[in-house]
Amino acid sequence: MELLRQLGQHIFGALAELHAHGWCHGDVKCHNICWDANKEVCRLVDFGSSFRLENGKHRQPIQTPGYMAPEAANWNAQLKSGCSHNASLPDQGTDVFGAAVLLCELSAGRRLQETAAVEMAQHLN
């Protein structure tokens, strides 16, 4: 449990720093977290889906299904239909949601079912 707490601190600390500089990661998931056991440091990696928070010109899908926040699912659906000009750009909450799912998976010791994560997102929306 102590390791899980440390991971949470590192992940949310990295996200807070990223958000403070006006960026959103856009795809927080297990594959984008690297843990260095020797240094006891957690790193957030793969910024291919990241975007500036104040930039309304982001035009690519974000987040991996299963880690996707409700607003990201809405954004992706509207982007796919060509109607994204009416959609609100996802924000820091999308990163927080992905990190929460990630920590739930680490706590449970297994991958959440994608449908379970989508249902959880729908209930929070």
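**Cysteines, strand pairing and helices in the chain**

Cysteine 34 is partly exposed, its relative accessible area being 38%. Cysteine 42, in contrast, counts as buried, at 9% relative accessibility. Both values, like those that follow, were computed on a predicted model. The sulfur of cysteine 34 has its closest cysteine sulfur in cysteine 42, at 8.0 Å. A disulfide requires the two sulfur atoms to be within 2.5 Å, and the separation of 8.0 Å is therefore too far for a bond. The same holds when cysteine 42 is taken as the starting point, because its closest cysteine sulfur is that of cysteine 34, at 8.0 Å. The count of disulfides comes to zero.

The chain has 125 residues, of which 38% count as buried. It contains four helices and four strands, and from the N terminus the elements follow the order α-β-β-β-β-α-α-α. Among contacts between residues at least 6 apart in sequence, 60% join residues at least 24 apart. The chain exposes about 7,200 Å², and carbon and sulfur atoms supply 54% of this area.

Strand 2, residues 33–36, pairs with strand 3 in the antiparallel sense, over four bridges. One of the residues involved is aspartate 36, whose bridge partner in strand 3 is valine 41. Four residues lie between the strands of this hairpin, and glutamate 40 takes a positive phi near 50° there. In a regular strand the side chains alternate between the two faces of the sheet. Strand 3, residues 41–44, shows such an alternation: Cys42 and Leu44 point to one face and are buried. Val41 and Arg43 point to the other face of strand 3 and are not buried. The low accessibility of cysteine 42, 9%, is thus accompanied by burial of Leu44, which points to the same face.

Histidine 19 lies in helix 1, which covers residues 2–20. With a relative accessible area of 14%, histidine 19 is buried. When residues up to four places away in sequence are not counted, histidine 19 touches Cys24, Leu53, Gln92 and Asp95. The C-alpha atoms of histidine 19 and arginine 52 are 9.1 Å apart, although 33 residues separate the two in sequence.

Helix 2 covers residues 70–81 and has 12 residues. At 1.5 Å a residue, helix 2 should span 16 Å, and its end C-alpha atoms are 17 Å apart, so the two values agree. The expected value follows because the rise is multiplied by one less than the number of residues. Pro70, Ala72, Trp75, Asn76 and Leu79 are buried in helix 2. The helix is followed by glycine 82, which has a positive phi near 85°.

Phenylalanine 97 is found in helix 3, residues 92–108. Its relative accessible area is 11%, and phenylalanine 97 is therefore buried, the cut-off being 20%. Between phenylalanine 97 and alanine 72 the C-alpha separation is 10.0 Å, and the two residues are 25 apart along the chain. Alanine 72 is one of the buried residues of helix 2.

Technical notes. Residues numbered from 1 in each chain as written. Predicted model: local features only at pLDDT ≥ 70, side-chain atom pairs only at ≥ 80, totals over all residues. Heavy atoms only, no water. Helix = DSSP H or I, 4+ residues; strand = E, 2+ residues; numbered from the N terminus. Buried < 20%, exposed > 50% of the residue type's maximum accessible area, 1.4 Å probe, protein only. Contact = heavy atoms within 4.5 Å. Areas by Shrake-Rupley, 256 points an atom, 1.4 Å probe, with all protein chains shown as cover. Pairing = 2+ DSSP bridges.
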